[in-house]
Amino acid sequence: MSEVTLKNLTKVYGSNTVVDHINLTVSDGTLTSILGPSGCGKTTTLRMIAGFEVPQDGDILFDDVSVAKTPVNKRGIGMVFQSYALFPHMTVYQNVAYGLEQQKVKGEELKTRVMDALKMVHMEEFASRKPRRLSGGQQQRVALARALVIRPVFCFWMSA
């Protein structure tokens, strides 16, 4: 993907406009931060890009294709949540494999992609561990591997 574009993106909850006609273009290969005080709409904007929220007005474009009405599971988004949202009952390997399994990736391809993602974040030796046996930094790297292993068209980090 080359870019993500927000055109006049707006979100209203009741009588409260939390995102007011935002226009933004993020080009491929760039690192972009959305900064502002608590309650200004940063998280809501990211949730609309991901598909967890529906905008009242405006559009979200991935390479000039509107995705504003595309379901979250069809957007090809990789997300790392502030809490990492790792499944505590699964191993590191299983956590990273989860998204691929949802995409129906199986067998040797699944194993290779999971191990490649774990190698990318220097966590392959921890594949059989449960998240509770990892440090915070290690959990963060597992969450990043889980977001990247699905080969997303867009990946972002949600942080307060």
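E124 counts as partly exposed, because its relative accessibility is 33%, which falls between the 20% limit for buried and the 50% limit for exposed. This residue sits in the loop that links α3 and α4. Keep in mind as you look around that the model is predicted; its mean pLDDT is 90, with 96% of the residues at 70 or more.

**Around E124**
- Setting aside neighbours within four places in sequence, E124 makes contact with M115, L118 and K119.
- V114 is ten residues from E124 in sequence, and the two C-alpha atoms are 9.0 Å apart.
- V114 and L118 come up again further down, since both are listed among the best-connected members of the largest nonpolar core.

**The overall picture**
- Four helices and six strands make up the secondary structure of the protein.
- Reading from the N terminus, the order of these elements is β-β-α-β-β-β-α-α-α-β.
- Along the principal axes, the C-alpha atoms fill a box of roughly 50 × 30 × 25 Å.
- Of the 160 residues in the protein, 39% are buried.
- If you take the contacts with a sequence separation of 6 or more, 62% of them join residues 24 or more positions apart.

**Surface, charge and confidence**
- The protein has an accessible surface of about 9200 Å², and carbon and sulfur atoms account for 51% of that area.
- There are 19 positive and 14 negative charges in the protein, and their mean positions lie 10 Å from each other.
- Confidence varies between elements: α3 has the highest mean pLDDT, at 97, while strand β6 (residues 154-157) has the lowest, at 68.

**Helix α2 and its partners**
- Helix α2 spans residues 92-102, and its buried residues are V92, N95, V96, A97, G99 and L100.
- Why do residues three or four places apart in an α-helix point the same way? An α-helix has 3.6 residues a turn, so such a spacing brings residues round to the same direction.
- The buried residues of α2 pack against two other helices, α3 (107-120) and α4 (136-149).
- Just past the end of α2, K104 adopts a positive phi of about 70°.

**The nonpolar cores**
- Which residues touch the most other members of the largest nonpolar core? They are V96, L100, V114, L118, M123 and V142, out of 23 residues in that core.
- Helices α2, α3 and α4 each contribute at least two residues to this core.
- The largest share of this core comes from α4, which supplies five residues.
- V142 is a good place to zoom in: beyond its neighbours within four places in sequence, V142 is in contact with L86, V92, N95, V96, M123 and L134.
- Another core lies apart from this one; it has 15 residues, including V18, I60, V67 and I77.

**Around G51**
- Where is G51 found? G51 belongs to the loop running between α1 (42-50) and β3 (57-62).
- Not counting residues up to four places away in sequence, G51 touches V72 and R75.
- From G51 to L110 is 59 residues in sequence and 26 Å in space, C-alpha to C-alpha.

Key
Residues numbered from 1 in each chain as written. Predicted model: local features only at pLDDT ≥ 70, side-chain atom pairs only at ≥ 80, totals over all residues. Heavy atoms only, no water. Buried < 20%, exposed > 50% of the residue type's maximum accessible area, 1.4 Å probe, protein only. Contact = heavy atoms within 4.5 Å. Areas by Shrake-Rupley, 256 points an atom, 1.4 Å probe, with all protein chains shown as cover. Lys, Arg positive; Asp, Glu negative; His and termini not counted. Charge placed at Lys NZ, Arg CZ, Asp CG, Glu CD. pLDDT = per-residue confidence, 0-100. Core = buried A, V, L, I, M, F, W, Y, C linked by side-chain atoms within 4.5 Å.
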